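I opened this one with no background and a short list of things to look up. Here are my notes, in the order I made them.

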Amino acid sequence: MPKQRRKPACDPCRKSKLACDHAQPVCSRCQARSRPGQCTYRQRPFKQTKPPENFVPDREAHVIHTGQVASQDRQLPPTGPSPVVSQNIPSGAFGLSTVGDTPSGASATGLLPKRHPYPNPGYLGSSSHAALFGHLPRGLGQDIGIDSNSPDPELHPSIAPIGFVTEAHISHGAELIEQLHRFAHITDCLALVRAWLRTGTNLVLASLFTQTCLETADFLFAEHDGVVKNAMSISSALFIHSCQPFTVTPNTTFDEFKAQFSQENARWETICLFLITVSRATMSSHYSDSPFDSETQRRHIRRLTMHYSDRCLDICLSLDCLNDLQLVLQYENFILHTLVDGDQSFESWRKLGDMSSSLFALGYHQDFEITGPIPEFLRSIRQAAFAYSYSADKNVAIFLGRPPRISSKFCHFRQRGLDEYYSYQWAPDTPLDLLVDARWTALCAVLKEQILLELFGEQGYENRVDKASQIRTNAESQWSMLPQHFRLEAPMKGHDRHPSELDIMLGMKLSYLHVLFLLRLALVRRVSEPDTQLYQIAEEMLGLVVEAVILKDRLVHSCTSLVWKVVYFGLSAAGVICLTLLQHSPTPEHEVIISPKALRDLGVLVAEVEVGTLVYKEDANYALLAGATKTIKAILDKLASTKLHQQRSNRAPLDITAQPIVEGSDGSWGPWGSSNFQDFEFNFWHTLSEHPFLLDGTGDQFPQL
């Protein structure tokens, strides 16, 4: 009997001397500990190799000067076999079950030597030591980088004109690229993204860059004239460009800015954004030319490309050269984790914290032009990045019931040029796009933060009422001053708009209603006893969510996913409606009248989750939705059986003596007699509406719930 091949353990399990299940690319133990980036498999786990004679550890390692590597361009001698994209990919490649082709080195960037021994401090505020030394005479503060005209490059690596890359970095990057060729099926991923973009769907902040990154990925990874570029040469070039800061002047054009991270100037940020786009593209199946036919294949590619995007992002951040593109990547990476890992996952929560930290380190909470004058397109990107980060922080904090990380008390909303951005005034010719959505969500987030701080923390009820009145006035003023073509005032099916525009309008209306919802929720004396105003807001909010679920094939969800709209807006509204159904008002005048439409909307929500058209059982948010809809269904079933029993018990028997009896009949209600089944298509429902059960004693329709 042949000896069974021994499987290697990942590095964390090996160092902890714990059993490893050898799952690829992340083992179960590392996944359970929310440490997928540390799950690393060595290429030669059972072979001890002697270090080369010229080996020098860590910071004394041999470094390759940026200019030297750049001069070699893509002609570095490979240290291993060149990656070749196989045209005959085995079916096992989708499951990563082949031990011999396991992706290893998952985010070993933490073990790589740093490009500089000193950290990049980033933005330093008014209470920092740098601000104190800044009061010294000009030139004396140079040693700590206060003199921006002539900083010391030895002490400030982020602005040094020359960057350094070690061979360890290049080897690690080449290994990642080889794994992309073996497991991610680059050619199919390129086709997938192209099909996804043709539907009108896109990323949020990075939508301006997706096409550029797609073309660059094709340039780097695809086979051209039967040749695939060498992984080592690609990796070295990516590191060279990633260590260089972006060159931006007030006259820089958008195309010039994109040229600094595309094609021959590709960076690790470019690859990361491409992988995020691939993962997002697998979440839609509204195109017939997708290279991945089954949901199992799409789910595997989704998690695999997300894993590799995490590794690329780790490489970017490890270089300690934070920039605008990395901030955009962190936001898109956070959104991706909420979609894949779930809105309640710790990984998503941690990603949101990382994004907030980068926002502060760049100083954009105080000044968008901290590094000097910038072109208008870059100002718009930074505005949108801050707006989406700020609003995401408030929405997730409310959803999870946790403190927000970004406080408006420490943010300068009235920066140069931002007075108009955060005003209620809109230019009549403003196009409805993602930048408009970013501005509106930030305006609503400001009101939500006021509600959290000033209402939910206020003990005196009268003070809460006064503050709530002011906030409500501001919210209604914001909504009324929106351009008419931005507001969703009628059912979505009646609007002749592009699916992406309709999704933006839906999100704007839901954000406005959610502000009113939180306002009223802060004023009810008991959450278990909603009042009429809170119920009416919840009913309208749930109605919009259910309409979006029904029309999901006619919407393009770029801003927020449909599932997020359901769990964030829909479940809150459904919870209030369910509490209203269960409450017993002491007096009839305080009783909240339940609309039949609300009951129908609850039923539709339950059906969509149960059938599986909204989420799959394998999706991370399924448990949250399934648990909520199970409770809703129990309430609806109990209510229906109770009402039906009461109506049957309280209904007086029909006086059949007053009814004309047809000859040959037993006197019971049977208007069809021996009609054909075709009657169900014409008069069935009209006749059924005249059933005695649905009529009161006077012949009118029976009172509704």
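**Entry 1: the odd backbone spots.** A reminder to myself before starting: this is a predicted model. I began in the loop between H1 and H2, where I found His-22. His-22 isn't a glycine, yet its phi is positive, about 65°. I wanted to know why His-22 counts as partly exposed. Its relative accessibility is 26%, and the partly exposed class runs between 20% and 50%.

Pro-25 also turned up in the loop between helix H1 (11-16) and helix H2 (28-32). The peptide bond leading from Gln-24 into Pro-25 is cis, and its omega is near 0°. I flagged both kinds of spot because most peptide bonds are trans and most residues other than glycine have a negative phi.

Next I went to the loop between helix H9 (254-258) and helix H10 (268-281), which holds Gln-263. Gln-263 is not a glycine either, and its phi is positive, near 50°. Is Gln-263 buried or partly exposed? I noted it as partly exposed, because its relative accessibility is 26%.

**Entry 2: cysteines.** How many disulfides does the structure hold? I got zero. Then I checked Cys-10, whose closest cysteine sulfur belongs to Cys-13. The two sulfurs are 3.4 Å apart, so they are too far from each other for a bond, given that a disulfide needs them within 2.5 Å. Cys-10 is buried, and I read its relative accessible area as 0%.

Cys-316 is in no disulfide either, and the nearest cysteine sulfur, in Cys-272, lies 5.9 Å away. I put Cys-316 down as buried too, because its relative accessible area is 1%.

**Entry 3: cavities.** I searched the whole structure for cavities of 30 Å³ or more and got two. The largest has a volume of about 490 Å³.

Which residues lie nearest the centre of the largest cavity? I wrote down Tyr-331, Asn-395, Cys-559, Thr-560 and Trp-564, out of 30 lining residues. Sorting the lining by type gave me 13 nonpolar residues, 11 polar ones and six charged ones.

Last, I looked up which helices supply at least two residues each to that lining. My list reads helix H12 (324-340), helix H13 (346-362), helix H14 (376-400), helix H15 (434-455), helix H17 (499-523) and helix H19 (562-582).

Technical notes. Residues numbered from 1 in each chain as written. Predicted model: local features only at pLDDT ≥ 70, side-chain atom pairs only at ≥ 80, totals over all residues. Heavy atoms only, no water. 1 Å grid on protein atoms, 1.4 Å probe; cavity = no way out; pocket = protein on both sides within 12 Å on 5 of 7 lines; lining within 4 Å. Points joined across faces, edges and corners; volume = space filled by probe spheres on them. Helix = DSSP H or I, 4+ residues; strand = E, 2+ residues; numbered from the N terminus. Nonpolar A, V, L, I, M, F, W, Y, C, P; charged D, E, K, R; others polar. Buried < 20%, exposed > 50% of the residue type's maximum accessible area, 1.4 Å probe, protein only.
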